[in-house]
Amino acid sequence: MTGGATLIAAVLLWVGYRHRTRRITWLGRLADRLGRVVNRPGWVALPLAMFLATILTALLGFIWDVSLHIGNGRDSGPLANPAHYFILIGLFFLFTAGMSAIVLPLDEKPGAAAVRITRTWYAPVGGILIAGAGLYALIGFPLDDIWHRIFGQDVTLWGPTHLMLIGGAGLSLVGVLLLEFEGRRNRPEPERRDGRLMWLIRAFGFGGLLIGLSVFQVEFDFGVEQFRLVLQPMLMVAAAAVTLVAARLTLGAGSTLVVFAFAAVVRTVVAVLVGGPIIDAPRNVFPLYLGAAVVVELLALLPIVRNRLWWGALCGVGVATVGLWLESLWVDAMFVDPWPAAMWPELLAMAIPVAVAGGVVGALLATVLLGEPLPRPAVRRALVVGAVVIVAAATANGLASRVPENATATVTLTDAAPSAGGRMVLADIRVTPDDLVGSDPEWIQILSWQGGVGGDSPGRGLVVDHLRRVGAGHYVSTEPVPAHGTWKTVLRAQDGRVQTALPIYMAADPGIGAAEVPASSSFTRPFVAEITVLQRERSFDHPAWLFGAASLVVLACSLALVWALSWGAARIDQRYRRVDAAAEPVAAP
């Protein structure tokens, strides 16, 4: 992988060098030809075209990769998973799209906010941000390999280095929107008005941002979330508030519905490709965001919309209440784990502050994209820092869980009709103490996963059985679950902060020295921390400080990316407003 990436990078560097030294002209001609179609400079048109293709490739690879881990388990190596190639190619050329915006300008300073690289070479801010986000994501690949060598295979989307991979790709859309703004202010034909095509491209950019901010929820989309369910609505409102508020302010009436439709179509296509007969992996669904879009559109009818920040905060409240209630109807109908009524008090306590913060950030982004003045530096910095702190506090609360002491389950298994030549069982479960889980928990279920993708495998490698409550502490199966082959079949319970699990059946795993956990006809086992069961491959044989230090390194990289995006937006706002002020005619005395 390193050799291939180095070779491709060398070719791209050679092309860029020859373009910068004027030894080739085809790259500039290609960019300018695309630019004439959309009335944008070539250093905007070509990167945007490249970005569109690469980000969709990375998205397909990402969803495919998650489904393969759920259906098959861990990879035997970084090159053993075909989806990794799609992710790597997508992220590599995402970085290349940003670099092309930096390399392409020759005889011009690309806009008032351009950053000086050499005496005569300037780069657009949006290109720098896209390249930076792509580099941040690419760094996640080698760091991920190092992470797994130290801490074992944490088969979860929310591994710190995994978050770098998806976070860089998702946040790169902010750079794309800023780059398009720079191009709009430097049109080759200033008198030529933009047509519907450019409006749609900008709307699709916001749709991409909505998808990009939604990828943190993908474990919930498959129904194999390894963290408390209350995090799902919080993540939904964060993505919706930032994107839909910014889109409505920037693009005008009806834009949020176009953004919603674009995101829904793209996610539907990817879900069908991955969960359909082509790849035949575990199916996934996705947040709809239609309710949030309708709420934002209706609130835009109020006069307060003229005060961007206060309107953004109001939209956050609406998205986290009415919008989230409407979204819950979709979740109840389509998702594996619906939201129980008992979860709503904590849900609202987390979602409303996060959505308000997201609405304010979305309003700040829209202010830049509209070319209007941002609040003074101290205020805008306080707003962004406050938003980061609010999201961090809500996330920390969502991650807080409790493993009950001296809790056990007595499981009696009854054989059902075999499937794919393997044993299938029904379970009768009695939990001690009988009040471990209340009458309205987030879930008490049997999860069977990693049984193998495709073929005759039940559920394409994933089966989730929500148990039926018979009485206090007494639950029974509603469908057979596998207890053979490579399957991992686990009893899971989450009720409020209680999150725990115990194994029913686990195959022997010589790769990590783990013995088989047999599915006897009757047994009693203790409930343990769920992470030790679902992330069986993870190693805890390391100093506690090492994991914390490694996580802080990833956190520092992530905060640096957020700072860079904030810096880029503020620079663009400041420099273009300065140009506008200089261009204003002086009033006659």
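Start with one pair in a sheet. Ile446 stands opposite Asp465 in strand 6. A strand here is a DSSP run of E with at least two residues, a helix a DSSP run of H or I with at least four, and both are numbered from the N terminus. This is a predicted model, so the local features need pLDDT of at least 70 and side-chain atom pairs count only at pLDDT 80 or more, while totals for chains, interfaces and linings use all residues. Residues are numbered from 1 along each chain as its sequence is written, and side-chain values use heavy atoms, with hydrogens and water left out.

Back to that pair. Strand 5, residues 443-449, runs antiparallel to strand 6, and five bridges join them. Two strands count as paired if DSSP finds at least two bridges between them. As a general point, strands of a sheet pair through backbone hydrogen bonds, either parallel or antiparallel.

Now the whole sheet. Five strands make it up, in the order 6-5-10-11-13. The sheet is open, and the pairing is antiparallel. Which strands sit at the edges? Strand 6 (462-466) and strand 13 (528-529) do, each pairing on one side only.

Move along to strands 10 and 11. Strand 10 covers residues 488-495 and pairs with strand 11 over eight bridges, in the antiparallel sense. Lys488 stands opposite Met506 in strand 11. The two strands form a hairpin with two residues between them. Gly496 in that hairpin takes a positive phi near 65°.

Is strand 11 mostly covered or uncovered? Strand 11, residues 498-506, is mostly covered: nine of its nine residues are buried. Buried means under 20% relative accessible area, exposed means over 50%, and partly exposed lies in between, with a 1.4 Å probe and protein chains only.

Strand 11 also pairs with strand 13. Two bridges join them, again antiparallel. The bridge partner of Ala501 in strand 13 is Val528.

Let's stay on Val528. It counts as partly exposed because its relative accessible area is 28%. What does Val528 touch, beyond residues up to four places away in sequence? Val403, Thr500, Ala501 and Val533. Contact means heavy atoms within 4.5 Å. Pro404 is 124 residues from Val528 along the chain, yet their C-alpha atoms are separated by 7.9 Å.

Next, Trp449 in strand 5. Its relative accessible area is 1%, so Trp449 is buried. Leave aside neighbours within four places in sequence, and its contacts include Ile70, Val155, Val224, Gln226 and Leu534. Trp487 and Lys488 are also among them. So is Thr486. Trp449 and Thr486 are 37 residues apart in sequence, and 8.7 Å apart from C-alpha to C-alpha.

One more strand pair. Strand 3, residues 408-419, runs antiparallel to strand 12, with five bridges joining them. Ala409 stands opposite Arg525 in strand 12. Strand 12, residues 522-526, has two faces. Phe523 and Arg525 form the covered face; Ser522, Thr524 and Pro526 form the uncovered one.

On to helices. Helix 7 spans residues 196-214, and 14 of its 19 residues are buried. Its end C-alpha atoms are 27 Å apart, which agrees with the expected 27 Å at 1.5 Å a residue. That expected span is 1.5 Å times one less than the number of residues. Helix 13, residues 344-369, has 26 residues and should span 38 Å. Its end C-alpha atoms are 35 Å apart, which agrees. Gly371 follows helix 13, with a positive phi near 75°.

Now cysteines. How many disulfides are there? The count comes to zero, where a disulfide is a pair of cysteine sulfur atoms within 2.5 Å. Cys315 counts as buried because its relative accessibility is 0%. Cys557, at 28%, counts as partly exposed.

Finally, the full chain. There are 16 helices and 13 strands. The radius of gyration is 26 Å, close to the 25 Å from the globule rule for 589 residues, so the chain is as compact as a globular protein of that length. The radius is taken over C-alpha atoms, and the rule is 2.2 Å times the number of residues to the power 0.38. The C-alpha atoms fill a box of roughly 90 × 55 × 45 Å along the principal axes. Of the 589 residues, 55% count as buried. Among contacts with a separation of 6 or more, 73% come from residues 24 or more positions apart.
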